[in-house]
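User: Please take a close look at one part of this model, the strand pairing and what surrounds it, and set it out as one connected account.

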2 protein chains.
Amino acid sequence: MPGTDKTLAQKATEGPAIILVNPQMGENIGAAARAMLNCGLDRLRIVNPRDGWPSERAEAMSSGALGMMPPVQVYTSTADAVADCHFVLATTARPRDMVKQVFTARAGAIEARQRSLQGRKIGFLFGAERAGLVNEDIALSHGVITIPLNPGFSSLNLAQAVLLVAYEWMVTDDETPGRQFDTVPVTHDKLHELFARLETELEAHGFFRNPDQKPSMVRNLRSLLVRADMTEQEARTFHGMITALTGRKSPLPDGQD
Amino acid sequence: MPGTDKTLAQKATEGPAIILVNPQMGENIGAAARAMLNCGLDRLRIVNPRDGWPSERAEAMSSGALGMMPPVQVYTSTADAVADCHFVLATTARPRDMVKQVFTARAGAIEARQRSLQGRKIGFLFGAERAGLVNEDIALSHGVITIPLNPGFSSLNLAQAVLLVAYEWMVTDDETPGRQFDTVPVTHDKLHELFARLETELEAHGFFRNPDQKPSMVRNLRSLLVRADMTEQEARTFHGMITALTGRKSPLPDGQD
């Protein structure tokens, strides 16, 4: 039925972005693309693919999926890749030393679908084949999806992790409870402006005494601010607090201070 | 936690058999084994693997899974591979010209789990990479699992089909409603004795007038009898009907007629 296909194509257009961070083998990117499209998702983003892009091996392994999708978007940082997203979930098998809401794939898909139905842009982050996501990437996420697997044998192929998340997303389609989100959350690019400004000011004010500890301090700060799920108004308020505390409007290069 | 692992290993021991019919590439068998074990299943059966067994490529692609599982069982017919099963579901993307209950992966997993909790042995059938299952195999199944995928791009890699079914099986673990099955269903080997006897008698009695149509007639008959979900007593009754109608106890080679 053409009607069915059109509806699904349209849903795919509005669907979440699958974001592969530092993927190594082109084959895995292609297999991930195939798995996504199997489940009606067609927005693939990749951050610093080790072997470059485009990739003939990815094309071959995608079984035609890459040719049917909009062009893959390539980024040089995870922050750029999630800049337009309102809600980001990171998939990781390992619990991290960070306070994040943890979802099963199913619960994460339901949570994301509810926000998507309110017009929010969703991103699902996947790490490299062996290394997974680094803490800096996880800090940019609103929550973590931990797929509940056999604890004795839990290492999942990248494309299979993408498949399970995309599948759960697709299956939520019919069964989403009508939970409402009344506020407009901030997009990640606005949040990054806030991070940059805050961290610059903290640096200027001697907050990071031990340079060795600065990366983890920054990470925990970002994680905290992401988790707060701020609205745009709240982000502006936060900027206002910084302005008030420091006495200057913005220390960013493009600022008007 | 060793306790957690032990519980899961025990569940795996009692878990469904994943049955790959005529798989072609060893790589796909290995990837399927990995996906199964990710989800706590470790009973792999293969019917007529094209490239033989054991397979070095399968070992390599399984990422160690094959070494952690009981030895793979190899069969020369699908009927043999399901002989000890009480409940068999066939995965196929295509609706067939046969009356079968059709399940989503989730509904099929719930259905199978309910029977497993009553001590029934479960089998999930998967066809070859491109060809899928033939109608003769589907006829041996109590129902069909059709994974709901993007209708514009639904061809799923073998290992990914195994992953989705095994995953849904694993996830049903916690949320199975307490439906009861009071009767003991017949195992497939008993059913096959019945098929063989019935078909031999029908042949002897000129039932299959057109030899060209015999295969599809047999298939539909088997499909019907499987779908009936007979108890052992009912199978005996059916044998009794044949005995009564034909006037002889059993025309099988090892029979006592």
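Analyst: In this predicted model, strand 1 of chain A and strand 2 (residues 43–47) of chain A are paired in the parallel sense, with five bridges between them. Within that pairing, A:Ala17 has A:Arg43 standing opposite in strand 2 of chain A. Strand 1 of chain A, which spans residues 17–21, is mostly covered, as five of its five residues are buried. Its side chains divide between two directions: A:Ala17, A:Ile19 and A:Val21 point one way, A:Ile18 and A:Leu20 point the other way, and all are buried.

The chain that holds this pair has 11 helices and seven strands, and 51% of the 257 residues in chain A are buried. Of the contacts in chain A that link residues at least 6 apart in sequence, 84% are between residues at least 24 apart.

A:Met69 offers a single-residue view of chain A, being placed in the loop between helix 4 (65–68) and strand 3 (73–75) of chain A. Although A:Met69 belongs to a loop, A:Met69 has a relative accessible area of 7%, and it is therefore buried, the cut-off being under 20%. Once its neighbours within four places in sequence are set aside, A:Met69 is in contact with A:Ala33, A:Met36, A:Leu37, A:Asp42 and A:Leu44; of these, A:Leu44 falls within the residue range 43–47 of strand 2 of chain A. A:Ala228, by contrast, is 159 residues from A:Met69 in sequence and 34 Å away in space, taken from C-alpha to C-alpha.

In chain B, the sheet can be followed as a whole. Seven strands of chain B form an open sheet in the order 3-2-1-6-4-7-5, with parallel pairing. Strand 3 (73–75) and strand 5 (101–103) of chain B each have a single partner strand, so they stand at the edges, with one side of each left without a neighbour in the sheet. On average, and with direction ignored, neighbouring strands of this sheet are turned by 25° against each other.

Moving inward from the edge at strand 3 of chain B, strand 2 (residues 43–47) of chain B runs parallel to strand 3 of chain B and is joined to it by three bridges; here B:Arg45 has B:Gln73 as its bridge partner in strand 3 of chain B. Strand 2 of chain B is also joined to strand 1 of chain B, again in parallel, by five bridges, and B:Leu20 stands opposite B:Ile46 of strand 2 of chain B. Because four of its five residues are buried, strand 2 of chain B is largely enclosed by the rest of the structure.

Helix 8 (residues 158–172) of chain B lies across several strands of chain B, namely strand 1 (17–21), strand 4 (87–91), strand 6 (122–126) and strand 7 (143–145), and it runs at about 155° to strand 6 of chain B.

There remains the matter of enclosed space. Rolling a probe the size of a water molecule over the atoms shows where empty space is left. The count of cavities of 30 Å³ or more comes to one, and the largest cavity holds about 30 Å³ of space. The residues that line the largest cavity are B:His86, B:His142, B:Pro185, B:Val186, B:Leu191, B:Leu225, B:Val226, B:Asp229 and B:Met230; by class, this lining has six nonpolar, two polar and one charged residues.

Terms used:
Residues are numbered from 1 along each chain as its sequence is written. Chains are lettered from A and ligands numbered from 1 in the order in which they are written. This is a predicted model: local features need pLDDT of at least 70, side-chain atom pairs count only at pLDDT 80 or more; totals for chains, interfaces and linings use all residues. Side-chain values use heavy atoms; hydrogens and water are left out. Two strands pair if DSSP finds at least two bridges between them. Axes are lines fitted to C-alpha atoms, for helices over the stretch in contact, and angles run from 0 to 180 degrees between N-to-C directions. Contact means heavy atoms within 4.5 Å. On a 1 Å grid over the protein atoms alone, a cavity is a set of points where a 1.4 Å probe fits but cannot get out, and a pocket is an open set with protein on both sides within 12 Å along at least five of seven lines; lining residues have an atom within 4 Å of a point. Grid points are joined across faces, edges and corners, and a volume is the space filled by probe spheres set on the points. Ala, Val, Leu, Ile, Met, Phe, Trp, Tyr, Cys and Pro count as nonpolar, Asp, Glu, Lys and Arg as charged, and the others, Gly among them, as polar. Buried means under 20% relative accessible area, exposed over 50%, partly exposed in between (1.4 Å probe, protein chains only).
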